[in-house]
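Student: I would like a close look at one part of this model, the disulfide, and then a walk outward to the strands and the pocket. Could you take me through it step by step?

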Amino acid sequence: MNAIEQLSLVSVEEYLAAERDSEIRHEYVGGYVHAMAGGKNVHNRVAANFLISVGGQLRGKPCEPFNSDVKVRIQASGYTSFYYPDGMVVCEPNGPADTFQDRPVVVAEVLSDSTRRVDQLEKRDAYLAIPSLAVYLLIETDKPEVVAYRRSESGFQSELYRGQEAVIPLAEVDAELPLAELYERVKFAQADA
């Protein structure tokens with residue numbers, strides 16, 4: 001056997017079939033499959049707060065929120081990826097039998113030490129390639145701070161929202177995200193004086 005063995009890539013069909021029966025969630029990037037780790041309570045609290053805050057504003061409107069159990073499919077540059085964002089808003093949803101969405105308008109990722117680099121680089125680049133995406137949110141858990149990448153005529157521009165009094169406008173889906181609601185029940189470590 002050679003010292004270097006060729007890894008066989010997993011097809012999209014094989015990935016989707018295996019993911020239906022798997023107790024562990026996996027993300028898929030161009031044929032490679034990566035298991036996902038579970039999140040800390042603060043991570044899940046912030047992700048749930050995103051859905052509660054934005055989802056409540058979307059009742060009776062055409063756009064709807066999805067949680068981290070629904071994948072986003074990204075088809076770009078000759079390969080396909082599937083990611084599980086912590087939250088998203090979709091205005092043109094896929095059919096009810098699908099396990100993924102193709103056209104998110106807002107995608108939210110809650111940052112953690114283990115996911116920060118992937119969320120800020122790999123996933124950011126992938127999400128920003130989605131034609132329907134208007135806003136990508138990178139949400140901190142150790143301080144009330146969110147970076148929003150918002151689509152403009154000249155591409156995506158970053159915006160920083162900091163402090164419990166800040167409110168992120170999400171006019172693209174007829175909503176807003178108050179950081180006071182996003183960080184409800186989150187305790188931050190006291191900064192050294």
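Tutor: Please keep in mind throughout that this is a predicted model. The count of disulfides comes to one, and the two partners are Cys63 and Cys91, whose sulfur atoms are placed 1.8 Å apart. That separation meets the rule applied here, which asks for cysteine sulfur atoms within 2.5 Å. The link of Cys63 and Cys91 is right-handed, with 100° about the S-S bond. As for what is being joined, Cys63 sits in the loop between helix H2 (41–57) and strand S3 (64–67), while Cys91 sits in the loop between strand S6 (87–90) and strand S7 (100–101), so the pair ties together parts that are 28 residues apart in sequence. The two cysteines can also be described by their accessibility: Cys63 has a relative accessibility of 9% and therefore counts as buried, whereas Cys91, at 24%, counts as partly exposed, the cut-off for buried being under 20%.

From the disulfide we can turn to strand S5, which covers residues 79–83 and is mostly covered, four of its five residues being buried. Strand S5 pairs with strand S4 (residues 71–76) in the antiparallel sense over five bridges, and within this pairing Ile74 stands opposite Ser81 of S5. S4 and S5 form a hairpin with two residues between them, and Ser77, which lies in the turn, has a positive phi of about 50°. Strand S5 also pairs with strand S1 (residues 26–29), again in the antiparallel sense, over two bridges, and here Tyr28 is the residue that stands opposite Phe82 in S5.

Strand S1 leads on to the largest pocket, since S1, strand S2 (32–35), H2, strand S8 (104–110) and helix H3 (116–128) each supply at least two residues of its lining. The helix H2 named here is also the one that precedes the loop holding Cys63. The space in the largest pocket is about 780 Å³, and 32 residues line the pocket, with Ala37, His43, Ser112, Ser114 and Thr115 lying nearest its centre. Helix H3 gives the largest share of the lining, five residues. In chemical character, the lining of the largest pocket divides into 11 nonpolar, 10 polar and 11 charged residues.

Notes:
Residues numbered from 1 in each chain as written. Predicted model: local features only at pLDDT ≥ 70, side-chain atom pairs only at ≥ 80, totals over all residues. Heavy atoms only, no water. Buried < 20%, exposed > 50% of the residue type's maximum accessible area, 1.4 Å probe, protein only. Pairing = 2+ DSSP bridges. 1 Å grid on protein atoms, 1.4 Å probe; cavity = no way out; pocket = protein on both sides within 12 Å on 5 of 7 lines; lining within 4 Å. Points joined across faces, edges and corners; volume = space filled by probe spheres on them. Nonpolar A, V, L, I, M, F, W, Y, C, P; charged D, E, K, R; others polar.
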